[in-house]
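I opened my notebook to look up the overall build, the open and closed spaces, and the metal site. Here is what I wrote down.

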Amino acid sequence: RRAPAVLAQLQARGRSFSAEHIAVRRVLGEGSYGQVFEGTLDVGAGNERVVLKRVKSRVQGADEMVQMEHLINVYASKAARGSIAEFMGFCEVERQQANGNLTPGLWLVWRYEGANTLAFYLRRRDGLRALARDLDVPEDLVIPVALRQVLTGLAALHQAGLVHRDVKPLNIIVSERDKRLKLIDLGACADLRSGTNFTPDESILDPLYCPPEQYVLPTDSPHLAKSVIAQAISPVLWARHKPDRFDTWSAGITLLCLAVPSLRTPRGLAQFLKEFERSNYDLDEWRGRTRLAGPRDLAPLDADGGAGWQLAEALLRPRSVEIGDDGSVSFIGSGGAPQRISATEALRHRFLKRAAQLEKERGW
Ligand code: ADP
Ligand code: MG
């Protein structure tokens with residue numbers, strides 16, 4: 001009999017598949033770190049469509065990265081079931097088993113749920129209409145429904161002590177099977193309870209979706225950094241520093257991209273960020289000055305007494321660093337303004353009320 005600790009470690013690894021049962025079919029996508037394919041997995045009673053990911057071998061520390069992503073997927077697939085792509089397990093391809101695209105190394109395996117990311121929809125002229133159709137929701141509700149599904153995933157991850165750190169339309173898929181948005185790409189996701197995939201000063205983040213404070217925890221607190229690495233962040237430290245607010249900023253940017261067509265290109269979004277910073281992160285001030293968005297673009301946010309606008313404002317508040325009397329360092333809201341809200345708080349916002357009713361009717 002194996003010792004419980006060893007057993008737990010084995011279980012934590014998820015299911016293992018043999019390379020002979022896997023075939024790589026076509027490229028689905030590629031990010032800075034990973035190459036992703038559609039393929040099939042022979043499950044005995046026929047083939048199942050799957051998504052296969054390997055970390056590019058040229059990337060420095062590739063092996064360790066894919067191991068981290070693996071561990072996080074095992075944990076997150078339990079914590080946020082239904083809101084992140086369904087993780088199935090892994091396959092270790094030995095040198096002699098390699099063939100064609102199935103190269104040696106550790107591969108991660110998800111159930112195939114669809115090939116399109118939210119970015120795919122937002123690149124299209126009729127993107128929101130197509131998204132409404134594929135999510136099977138009325139077009140006037142597609143923005144709140146989409147945002148609500150993203151926030152639901154984030155709330156579940158945060159509840160489990162995870163911060164995704166790379167929330168953006170390219171890392172959100174439309175599940176054809178479940179007709180809902182799901183988060184993918186946990187490659188940068190940090191487990192702050194165990195310290196898995198977290199080093200305090202790393203910056204592997206997309207600057208277009210990253211909050212101005214840039215980090216999930218203040219980096220100038222050696223005490224805090226050590227405590228995270230040594231034994232994980234305690235609920236008290238989580239409550240004080242609110243590392244989850246990193247992701248809610250990215251959700252706020254995603255909301256703006258959903259509403260405002262000119263922000264859907266990297267160039268447009270970069271321009272927005274420049275202007276927003278110059279407006280001291282005051283959305284009203286930005287609006288008065290910008291040429292990126294007119295009243296028609298902002299109409300979905302202005303409807304219902306500006307419900308969406310108000311929610312965007314609450315998700316896109318800057319945070320600044322405060323040094324306490326005891327020398328401790330925290331992120332706080334700026335200039336005495338209220339703090340950026342959490343995913344759970346955002347889910348209670350009236351902008352999402354009708355979307356919540358719709359989801360409830362459908363038993364989601
Ligand atoms: P990276 O860490 O390099 O950004 P991702 O995990 O984001 O890698 O995968 C890169 C791309 O592959 C995604 O933007 C998406 O287009 C596609 N992709 C990844 N996972 C899935 C999935 N489960 N289902 C469908 N497409 C996926
Ligand atoms: Mg990605």
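The radius of gyration is taken over C-alpha atoms, and the globule rule is 2.2 Å times the number of residues to the power 0.38. I looked this up for the protein: with 364 residues, a compact globule would have a radius of gyration near 21 Å, and the protein has 21 Å, which agrees.

Before going on, I noted how to read the entries. This is a predicted model, where local features need pLDDT of at least 70 and side-chain atom pairs count only at pLDDT 80 or more, while totals for chains, interfaces and linings use all residues. Residues are numbered from 1 along each chain as its sequence is written, chains are lettered from A and ligands numbered from 1 in the order in which they are written, and side-chain values use heavy atoms, leaving out hydrogens and water.

**Overall build.** I found that the C-alpha trace spans about 65 × 55 × 40 Å along its principal axes. I listed 13 helices and 12 strands (DSSP runs numbered from the N terminus: H or I of at least four residues, E of at least two). Buried residues (under 20% relative accessible area; exposed is over 50%, partly exposed in between, with a 1.4 Å probe and protein chains only) make up 52% of the 364 residues.

**The largest pocket.** A pocket is an open set of points on a 1 Å grid over the protein atoms alone, with protein on both sides within 12 Å along at least five of seven lines; lining residues have an atom within 4 Å of a point. I read off about 1200 Å³ for the largest pocket (the space filled by probe spheres set on the points, which are joined across faces, edges and corners). Its lining has 49 residues, and Gly31, Gly34, Lys53, Asn171 and Asp185 lie nearest the centre. Which strand gives the largest share of this lining? I found that β2 does, with five residues.

**The metal site.** Two of those central residues, Asn171 (OD1) and Asp185 (OD), coordinate the magnesium ion (ligand 2) at 2.1 to 2.3 Å. Donors are N, O and S atoms within 2.8 Å of the metal (3.2 Å for Na, K and Ca), and sites may look incomplete because water is not among the atoms. Are the two residues buried or exposed? I noted Asn171 as buried, at 6% relative accessibility, and Asp185 as partly exposed, at 22%.

Methods. On a 1 Å grid over the protein atoms alone, a cavity is a set of points where a 1.4 Å probe fits but cannot get out, and a pocket is an open set with protein on both sides within 12 Å along at least five of seven lines; lining residues have an atom within 4 Å of a point.
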